[in-house]
Amino acid sequence: MTTSRLPRPTLTLSSTVIEAPDAAELADFYRRLLGWEPVQEEPDWVKLLPPGGGPGLSFQTSKPYVPPVWPASLTSEGDQLMMLHLDFEVTDLEAGVAHAVAEGATPAEFQPQHDVRVLFDPVGHPFCLFVRDQVLGETPAISPEWVAEQARDIRTQDPRASEAVTPDRREAAGTAEEPGSGDAVPA
């Protein structure tokens, strides 16, 4: 028996949709982080696009939103696991982390790779900053003091930067736990 196969339609990735307790608040964080502007704003939906074109990020309000637990070794039965994460290439890892923290991100305590920094957005979604060239040596610890100092420097240089953030927003939300060992985030 032969089957007639229809030609595949053209599919173009338009956006990655991220759920949050408040779409507008999380979209504002990513707007400040990336410098992208909103192209669509509705009560429970915001879409951002990069200035040069290409796929964007959309944010959808989900009242039953539960932040994922990362790394997976920290999870217990019933915890929401990370289903995906965003990777952003940066030219300077320390400057990228400092900028993200000044805008409201929180560095993860566990950093599994030398050339990648795992952070959490304000509602707990993990995302990664990475540099293309591998950095040799041990993964440096990111102390709360270093984060606060870098964030202060950015706020001093950029009056539009957000107010100070606590070193661990996940702890304030009651989701922080001790880091596990051996979990890695793909870059």
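**Exercise 1. How do the residues of the lining of the largest pocket divide into nonpolar, polar and charged?** Describe the pocket along the way.

*Solution.* One note before starting: the model is a predicted one.

- Step 1. Begin with the space itself: the largest pocket holds about 360 Å³.
- Step 2. Turn to its walls. The lining consists of 18 residues, and Glu-19, Tyr-65, Met-83, Leu-84 and His-125 are the ones nearest the centre of the pocket.
- Step 3. Sort the lining by type: 13 residues are nonpolar, 4 are polar and 1 is charged.
- Step 4. Look for the element that contributes most. That is strand 1 (residues 15-20), with 3 lining residues.

**Exercise 2. Work out the overall layout of the chain.**

*Solution.*

- Step 1. Count the elements: the chain has 4 helices and 8 strands.
- Step 2. Put them in sequence order, and the pattern reads β-α-β-β-β-β-α-β-β-β-α-α.
- Step 3. Check burial: of the 187 residues in the chain, 38% are buried.
- Step 4. Consider contacts with a separation of 6 or more. Residues 24 or more positions apart make up 61% of these.

**Exercise 3. Find the nonpolar cores and say which elements supply the main one.**

*Solution.*

- Step 1. The largest nonpolar core has 25 residues, and Tyr-30, Phe-59, Leu-119, Phe-127 and Leu-129 touch the most other members.
- Step 2. Next, list its suppliers. At least two residues each come from strand 1, helix 1 (23-34), strand 3 (45-49), strand 4 (56-61), strand 5 (86-89), helix 2 and strand 8 (126-130).
- Step 3. Helix 1 gives the most to this core, namely 6 residues.
- Step 4. There is also a second, separate core of 8 residues, with Trp-70, Ala-108, Val-116 and Phe-120 among them.
- Step 5. Stay with Trp-70 for a backbone detail: a cis peptide bond links it to Pro-71, with omega about -5°. Pro-71 sits in the loop between strand 4 and strand 5.

**Exercise 4. Is Asp-121 buried or exposed, and what does its side chain contact?**

*Solution.*

- Step 1. Locate the residue: Asp-121 belongs to the loop between strand 7 (116-120) and strand 8.
- Step 2. Apply the cut-off. Buried means under 20% relative accessible area, and Asp-121 has 1% relative accessibility, so it counts as buried.
- Step 3. Look for a polar partner: the side chains of Asp-121 and Tyr-30 make a polar contact at 2.8 Å.
- Step 4. Widen the view to contacts beyond four places in sequence. Asp-121 touches Leu-26, Phe-29, Tyr-30 and Phe-127.
- Step 5. Now take Tyr-30's side of the story. With neighbours within four places left aside, Tyr-30 contacts several residues, including Leu-48, Phe-59, Phe-88 and Asp-121.
- Step 6. Follow one of these partners: Leu-48 lies in strand 3 and is buried, with a relative accessible area of 1%. Its C-alpha is 5.9 Å from that of Trp-36, although the two are 12 residues apart in sequence.

**Exercise 5. Why is helix 2 described as largely enclosed by the rest of the structure?**

*Solution.*

- Step 1. Count the buried positions. In helix 2 (residues 93-103), 8 of the 11 residues are buried, so the helix is largely enclosed by the rest of the structure.
- Step 2. Name them: Leu-93, Gly-96, Val-97, Ala-98, Ala-100, Val-101, Ala-102 and Glu-103.
- Step 3. Inspect the N-terminal end, which Asp-92 caps through a side-chain oxygen 3.1 Å from the backbone nitrogen of Glu-94.
- Step 4. Finish beyond the other end: Gly-104 follows helix 2 and has a positive phi, near 125°.

Methods. Residues are numbered from 1 along each chain as its sequence is written. This is a predicted model: local features need pLDDT of at least 70, side-chain atom pairs count only at pLDDT 80 or more; totals for chains, interfaces and linings use all residues. Side-chain values use heavy atoms; hydrogens and water are left out. Buried means under 20% relative accessible area, exposed over 50%, partly exposed in between (1.4 Å probe, protein chains only). A polar contact is a pair of N or O atoms within 3.5 Å; within protein, one must be able to donate a hydrogen and the other to accept it, and residues adjacent in sequence count only if both atoms are side-chain atoms. On a 1 Å grid over the protein atoms alone, a cavity is a set of points where a 1.4 Å probe fits but cannot get out, and a pocket is an open set with protein on both sides within 12 Å along at least five of seven lines; lining residues have an atom within 4 Å of a point. Grid points are joined across faces, edges and corners, and a volume is the space filled by probe spheres set on the points. Ala, Val, Leu, Ile, Met, Phe, Trp, Tyr, Cys and Pro count as nonpolar, Asp, Glu, Lys and Arg as charged, and the others, Gly among them, as polar. A nonpolar core is a set of buried Ala, Val, Leu, Ile, Met, Phe, Trp, Tyr and Cys residues joined through side-chain atoms within 4.5 Å. Contact means heavy atoms within 4.5 Å.
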